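This briefing introduces the structure shown below. It is arranged by topic for a reader who has not met the structure before.

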Amino acid sequence: MGMGNFFKNKEILITGGLGFIGSNLAIRLVSYGARVTLVDSMIAAYGGNLFNIESIKEKVTVDFSDIRDTKKIEKLVKDKEFIFNLAGTLSHVDSMVDPMTDLEINCRAQLSLLESVRKFNPKARIIFAGTRNQYGKAKYLPVDENHPQEPTDINGINNIASEKYHLMYHAVYGIKTVSLRMTNTYGPRHQMKHERQGVLNWFIRKILDGEQIELYGKGVQIRDVNYVDDVVEAILMVAMAEKGWGEAYNLGGTPISLIDFVRKTYEVISSVQNKVQPCKEIVLKPYPVDRKKIEVGDYIASIEKIKKTYGWEPKTNLEEGIKKTILFYKKYRKYYW
Ligand SMILES: NC(=O)c1ccc[n+]([C@@H]2O[C@H](COP(=O)([O-])OP(=O)(O)OC[C@H]3O[C@@H](n4cnc5c(N)ncnc54)[C@H](O)[C@@H]3O)[C@@H](O)[C@H]2O)c1
């Protein structure tokens, strides 16, 4: 059965549904005729934005509860066939400044959501958003799922715990859970107000504004960058499958240094505007102390496991992904700046 037919009329809950990945996922599911409920507390520092769901607002149910509110979550998980669990904090730096909030949202609330599912809806399938941040500094490249997990920050540690809760609920209770360890994702509907989460989109904003780009170190640190539609596709392919539950899978896209991602964005923007946007001087700066201590160095994911199990691989090339992102923000800039 095709993806569209599969999700038609399915009851779906997306936590963090007004955020970047959640809203892109919701738009796709609505196009398939799924019945989608979004839960998002719209905490100001994170990526939630009502405009993200402007095109589907009449077709989804929105609940502004916080996932830390157990009673609300107990109600919301009932009768859902799929739970896409994307609510979470992402900022590595914030997690060091305010570790208890990171713990509350990324661990306690996640465990509590799983308890609600176990008690009230154990047949639900749950896809959890893990992160490459769980690995810390890579000891070898590409990083496969067996690579040691030694995070350099609180956010990484809490994500490991949360992933393990999810996978344990499969091992012990048979609940269908999967964790997808996502890497740096970019694209439309990402927050553009600050640089504490989503460095790639932040560069795109700076270039659109004609501002200088500051890179730490020499700017040659490699990230495995992924376009959001490919991430959405992975989430849906896994959710549909009858196999592979209770496991974690890496996602990955195009490995590229940050400086080359910036250069590529200049190139694409020049072609979109039909005039050369001069590549402003890129300023190389020493790492600030708080970032240096948690910097992970190069990261490239091995995606063999998800490819082999589900046949997923990223399809969007870098030029295409950057172009779609630029066109989106040129059009809807006022809702994001
Ligand atoms: N974007 C990436 O590059 C990336 C990389 C690795 C992992 N991830 C994971 O994917 C998930 C989604 O990321 P995103 O980029 O869409 O982030 P985002 O900030 O755009 O979306 C997350 C949403 O969750 C909501 N949220 C946060 N805490 C909440 C709470 N306590 N209750 C209810 N809602 C809450 C926020 O308001 C926000 O709208 C996160 O769990 C993140 O760890 C993302």
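Strands β4 and β5 pair in the parallel sense over four bridges; two strands pair if DSSP finds at least two bridges between them. Strands (E, at least two residues) and helices (H or I, at least four residues) are DSSP runs, numbered from the N terminus. The model is predicted: local features need pLDDT of at least 70, side-chain atom pairs count only at pLDDT 80 or more, and totals for chains, interfaces and linings use all residues. Residues are numbered from 1 along each chain as its sequence is written.

**Strand β4 and its partners**

- Within the pairing of β4 and β5, I83 has I126 of β5 as its bridge partner.
- Strand β1 (residues 11–15) runs parallel to β4 and is joined to it by four bridges, with I12 opposite F82.
- Side chains in a regular strand alternate between the two faces of the sheet.
- In β4 (residues 82–85), F82 and F84 lie on one side and I83 and N85 on the other, and all are buried (20 or more other C-beta atoms within 10 Å of the residue's own, with C-beta atoms placed from the backbone).

**The open sheet**

- Three strands form an open sheet of mixed pairing, in the order β7-β9-β11.
- Its edge strands, β7 (185–186) and β11 (254–257), each pair on one side only.
- Strand β9 (residues 222–227) pairs with β11 in the antiparallel sense over four bridges, and R223 has I256 of β11 as its bridge partner.

**The nonpolar core**

- The largest nonpolar core (a set of buried Ala, Val, Leu, Ile, Met, Phe, Trp, Tyr and Cys residues joined through C-beta atoms within 7 Å) has 79 residues.
- Helix α8 (residues 228–240) gives the most to this core, with eight residues.
- Among the residues with the most contacts inside the core are F84, I127, L180 and I235.
- Beyond its neighbours within four places in sequence, I127 is in contact (C-beta atoms, placed from the backbone, within 7 Å) with residues including F84, L180, I235 and V238.

**The shell around the ligand**

- The ligand is surrounded by 30 residues, each with its C-beta atom, placed from the backbone, within 6 Å of the ligand.
- The closest are G16, G19, G47, G48 and G88.
- The elements α2 (20–31), α5 (99–120) and β5 (125–131) each supply at least two residues of the shell, and the largest share, three residues, comes from α2.
- By class, the shell has 15 nonpolar, 12 polar and three charged residues; Ala, Val, Leu, Ile, Met, Phe, Trp, Tyr, Cys and Pro count as nonpolar, Asp, Glu, Lys and Arg as charged, and the others, Gly among them, as polar.

Definitions and conventions: Buried ≥ 20, exposed ≤ 12 C-beta atoms within 10 Å, placed from the backbone. Contact = placed C-beta atoms within 7 Å.
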